[in-house]
Each structure stands twice: as structure tokens, then as C-alpha cells.
Amino acid sequence: MKKEETYKWAGKQVRAQVKRHGDVVATLANTAAILKSRFPNYFWVGFYFLKDEHLILGPFQGPPACMKLTLEKGVCAAATNSGKTVLVPNVHEFPGHVACDSRSNSEIVVPLFDVNMRVRAVLDVDSELLEDFDAADAVGLEAISLLLQEIWEKKEK
Ligand code: SME
């Protein structure tokens, strides 16, 4: 199956979770599980919540990871600060990359917005291969991020 197709199927499963949604952590935990089971090349997939100017580890699948990241450096911080997807073909060439596990070689991070377009979390995927992610992953993961937009409780603008 081409990965565009796989993202479509994963998206359907995530949509079903969001429909049943009652709890942010539960929905994101199943989203991480859906993605990890559909993409064998994912070494680590998970979420970091934006809380009090830091990124705090949320639901994930894979080896243990850094529990708290600052907004000053790293790929997750770059995606949070810019509100844009950050695709890193070689993490060793990304200035300030935070290595939670030395086996990661490439990475993609997609911001998650609420309905007011505030960044609430990021979706982070790592691979052991170099250059493992491309525009198709960005499109697929951004679609997943959009599906998750309605899970956050509304905040005043
Ligand atoms: N590499 C990330 C840290 C999170 S781990 O990859 C799970 C970063 O540079 O922000």
C-alpha cells in the first residue's frame, strides 16, 4: 500500500476515535497506537502538550522519551513556535535537536491546533532511517492533526 493510502486509512480510524471522543489523553493514546501499528517505519510516535511555556510528554508509542522540552531548542519547539510542520531529514544536522534516543535519525513534527488556531500540542514522529519522511508524511500527518482539532475544550480568545 502506498503511504498516502495508509494515511487515509489511519485517518478514518482516528476520525472514529474523535467521534467517540470524551477525553483528550484517551483519544491521543489511541491515535498514537493507530499510527504506530500502520507505519512499521515509525520508531517513536507521540504527543507533547504545550503547558506553561514548556512541552510535556503525552501519549506515545515507542521507547521512553524526554518528559519536558523547552521552547528554546529542538524540533518540537520549532514546530510549536512557528505553528508549522518541521521535516528533518537528518536530525544530526538540525541545530539544537534534542536527542531523546540516539537511534533516531530523521524526524517530523506537526503542530496541533484547537478551533481558535492556538497550538495546544505537537505530534512528533521519529525514524531510525535517514530521510525517512517526505511531503506525503507531512500531508498525512497534517490531516490527522486537523481531525484532532475539535478534541480540545474551547478557550476564550
Ligand atoms: N527530537 C525532539 C525531542 C522529542 S523526541 O524526538 C521524542 C526535539 O528535538 O524536539
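Here is a walk through this structure, from the whole chain down to a few residues worth a click.

Keep in mind that you're looking at a predicted model. The protein chain has four helices and six strands. Trace it from the start and you'll meet them in the order α-α-β-β-β-α-β-β-β-α. As for overall dimensions, the C-alpha atoms fill a box of roughly 40 × 40 × 25 Å along the principal axes. The radius of gyration is 14 Å, which agrees with the value near 15 Å that a compact globule of 157 residues would have.

What about the inside and the outside? Of the 157 residues, 49% are buried. The accessible surface comes to about 8300 Å², and carbon and sulfur atoms account for 53% of that. The chain carries 19 positive and 21 negative charges, and the mean positions of the two sets are 7 Å apart. The fold also brings together stretches that are well separated in sequence: among contacts between residues at least 6 apart, 55% join residues at least 24 apart.

For an example of that, go to Gly46 in strand E1, which covers residues 44-51. Leu123 is 77 residues away from Gly46 along the chain, yet their C-alpha atoms are separated by 5.8 Å. Leaving out residues up to four places away in sequence, Gly46 touches Pro59, Phe60, Val122, Leu123 and Asp124. Of these, Leu123 falls within strand E6 (119-127), while Pro59 and Phe60 fall within strand E2 (54-61). Gly46 counts as buried because its relative accessible area is 0%, under the 20% cut-off.

Now move to strand E5, residues 106-113, where Ser106 sits. Is Ser106 buried or exposed? It is buried, with a relative accessible area of 0%. Where does its polar side chain find partners, then? A polar atom of the Ser106 side chain lies 2.6 Å from the backbone oxygen of Leu129, and the side chain also reaches the backbone nitrogen of Asp132 at 3.3 Å. Beyond its sequence neighbours, Ser106 is in contact with a list of residues including Val88, Pro89, Val125, Glu131 and Phe133.

Glu107 is in strand E5 too. At 4% relative accessibility, Glu107 counts as buried. Its side chain makes a polar contact of 3.2 Å with the side chain of His97. Other residues touching Glu107 include Val75, Cys76, Val86, Leu87, Asp124 and Phe133. Thr80, by contrast, is 27 residues from Glu107 along the chain, and the C-alpha atoms of the two are separated by 15 Å.

Finally, a look at backbone angles. Most residues other than glycine have a negative phi. Asp52 goes the other way, with phi near 50°. Asp52 lies in the loop between E1 and strand E2, and is exposed with a relative accessible area of 73%. Glu131 likewise has a positive phi, near 50°. Glu131 belongs to the loop between strand E6 and helix H4 (135-147). With 64% relative accessible area, Glu131 is exposed, although it is also one of the residues in contact with the buried Ser106.

Terms used
Residues are numbered from 1 along each chain as its sequence is written. This is a predicted model: local features need pLDDT of at least 70, side-chain atom pairs count only at pLDDT 80 or more; totals for chains, interfaces and linings use all residues. Side-chain values use heavy atoms; hydrogens and water are left out. Helices (H or I, at least four residues) and strands (E, at least two) are DSSP runs, numbered from the N terminus. The radius of gyration is taken over C-alpha atoms; the globule rule is 2.2 Å times the number of residues to the power 0.38. Buried means under 20% relative accessible area, exposed over 50%, partly exposed in between (1.4 Å probe, protein chains only). Contact means heavy atoms within 4.5 Å. Accessible areas come from the Shrake-Rupley method with a 1.4 Å probe; for residues, only the protein chains shown count as cover. Lys and Arg count as positive and Asp and Glu as negative; His and the chain ends are not counted. The place of a charge is taken as NZ of Lys, CZ of Arg, CG of Asp or CD of Glu. A polar contact is a pair of N or O atoms within 3.5 Å; within protein, one must be able to donate a hydrogen and the other to accept it, and residues adjacent in sequence count only if both atoms are side-chain atoms.
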